[in-house]
Each structure stands twice: as C-alpha cells, then as structure tokens.
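Here are my notes on this one, point by point. Have the model open while you read.

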Amino acid sequence: MSRKQFNRGKRGAGRHVQLPEWLQASPAWATLKPGPRALYTELKRRFNGVNNGQIILSHRDAALALNVHRNTVGPWFQELQERGFIEMVQAPHLGPSGYGKAAVWSLQELPSANGRPAPKAFMGWRPKEKPRTKSQHRCHKKQDSCGLDETSSRGTGTKSVTL
C-alpha cells in the first residue's frame with residue numbers, strides 16, 4: 001500500500017513546536033520565567049526547518065501573538081539573548097521606502113541556514129550568585145550601648161553586660 005493511500009481521508013496532527021528534553025533540563029531554561037518561555041515558543045513556532053537565522057518577529061507581532069502589551073516583550077527578548085537562547089542577526093531598521101523592518105532572529109539550539117553549527121550558549125549559562133555580605137551587628141549603628149552597661153570600657157575591646 002502506498003503512502004498516499006494510507007493517508008487518504010485522514011487529518012494530520014499539524015505543525016507542532018518541539019522543545020527537547022536537554023534544553024528544558026538546562027539551568028538557563030529551568031530558571032526562566034513564563035513570559036520569556038512563551039516568547040521562545042513563539043519564535044520557535046516561526047521556524048520552519050530551514051529558516052534559522054532568518055526568523056522575522058517584531059516586538060509588536062510578538063506582543064499580539066502573546067496577548068501582552070508591546071512594551072512587555074522587550075525585556076523578554078533581552079533576557080533570552082542574555083541567556084543565550086536567541087541571537088539578533090539583523091536589528092530593526094527603516095527600509096528604503098521608509099517603512100520599518102522587523103528584527104531577524106536566530107535560535108541558538110539549531111544550526112543556522114548558512115550551515116554554521118548551533119552554538120548552544122545557553123548550556124553554559126549559570127545563575128549569578130548573590131554576593132556574600134558581612135555579618136551584621138545586632139545593634140543599630142546610632143545606638144551607643146547596644147544593651148550594654150554604661151560602665152563598659154570603650155576602646156579596649158572588652159565590654160561588660162548587665163544582667
């Protein structure tokens with residue numbers, strides 16, 4: 001039986017967006033908020049298998065697709081770039097006729113259309129550790145005695161505490 005006969009009369013599942021397990025297991029994805037995740041899914045939805053590095057998506061189109069304000073998606077694009085999920089191939093600009101041209105994006109998990117291998121920069125991303133702070137003294141700086149007796153010897157490093 002030929003393939004055409006087998007598929008006759010059946011409806012396909014349609015297109016889908018595949019997010020590989022190794023991408024989802026990366027620290028960069030695991031700590032990503034829902035907004036940038038949705039934006040990445042929208043960018044990947046516009047990937048057709050051969051157009052990586054030529055994916056066109058403006059902030060307005062992304063906001064319309066995700067049902068948010070257009071000023072909301074700007075930081076999401078920035079966060080995806082900082083973590084290494086996407087790269088801007090061409091910045092938005094005015095075309096020769098004066099009409100705006102949207103930014104062109106590349107997904108970093110896939111090889112580009114010109115044959116360049118996938119950089120996968122997000123695999124090396126790690127969350128920034130908070131700097132260690134000095135232990136705080138239990139008293140406010142302006143308070144002189146800090147619950148200590150006024151007879152404490154100042155400047156010698158010893159203090160007597162009244163109970």
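**Notes on the model**

1. A good place to start is the outward side of H6, where Asn-71, Pro-75 and Glu-82 are exposed. Exposed here means over 50% relative accessible area, buried means under 20%, and partly exposed is in between, with a 1.4 Å probe and protein chains only. Helices (H or I, at least four residues) and strands (E, at least two) are DSSP runs, numbered from the N terminus.

2. Some housekeeping before going on. This is a predicted model, so local features need pLDDT of at least 70 and side-chain atom pairs count only at pLDDT 80 or more, while totals for chains, interfaces and linings use all residues. Residues are numbered from 1 along each chain as its sequence is written, and side-chain values use heavy atoms, with hydrogens and water left out.

3. Now the overall layout. The protein chain has six helices and five strands, and from the N terminus on they run α-α-α-α-β-α-α-β-β-β-β. Of its 163 residues, 29% count as buried. Take the contacts (heavy atoms within 4.5 Å) with a separation of 6 or more: residues 24 or more positions apart account for 51% of them.

4. Back to H6, which spans residues 70-83, and its inward side. Val-73, Trp-76, Phe-77, Glu-79, Leu-80 and Arg-83 are buried there. They sit on the same side of the helix because they cover an arc of only 165° around the axis, the arc being that of the directions from the helix axis to the C-beta atoms. What do these buried residues pack against? Their partners are the helices H3 (27-30), H4 (34-45) and H5 (59-66), plus the strands E2 (86-90) and E5 (104-107).

5. Two more details around this helix. Gln-78 is in H6 and counts as partly exposed, at 40% relative accessibility. Its C-alpha atom is separated by 9.1 Å from that of Pro-36, with the two positions 42 residues apart along the chain. Just after H6, Gly-84 takes a positive phi of about 90°.

6. Next, the largest nonpolar core, which has 24 residues. A nonpolar core is a set of buried Ala, Val, Leu, Ile, Met, Phe, Trp, Tyr and Cys residues joined through side-chain atoms within 4.5 Å. Which members touch the most other members? They are Tyr-40, Leu-43, Phe-77, Phe-85, Ile-86 and Leu-107. H3, H4, H5, H6 and E5 each give two or more residues to this core, and the largest share, four residues, comes from H6. In soluble globular proteins, nonpolar side chains tend to be buried together.

7. Ile-86 and Ser-106 are worth a look together. Not counting residues up to four places away in sequence, Ile-86 touches Tyr-40, Leu-43, Phe-77, Leu-80, Gln-81, Trp-105, Ser-106, Leu-107 and Gln-108. Ser-106 lies in strand E5 and counts as buried, at 3% relative accessibility. With the same exclusion of residues up to four places away, Ser-106 touches Asn-52, Gly-53, Phe-85, Ile-86, Glu-87 and Val-89.

8. On to backbone angles. Most residues other than glycine have a negative phi. Asn-67 has a positive phi of about 60° although it is not a glycine; the residue is in the loop between H5 and H6 and counts as exposed, at 72% relative accessibility. Lys-120 also has a positive phi, near 50°. That lysine is in the segment after E5 and is partly exposed, with a relative accessible area of 36%.

9. Leu-19 lies in the loop between H1 (3-7) and H2 (21-24). Is Leu-19 buried, partly exposed or exposed? Partly exposed, with a relative accessible area of 23%. Leaving out residues up to four places away in sequence, Leu-19 touches Gln-24, Trp-29, Tyr-40, Thr-41 and Lys-44. Leu-19 and Glu-109 are 90 residues apart in sequence and 10.0 Å apart in space, C-alpha to C-alpha.
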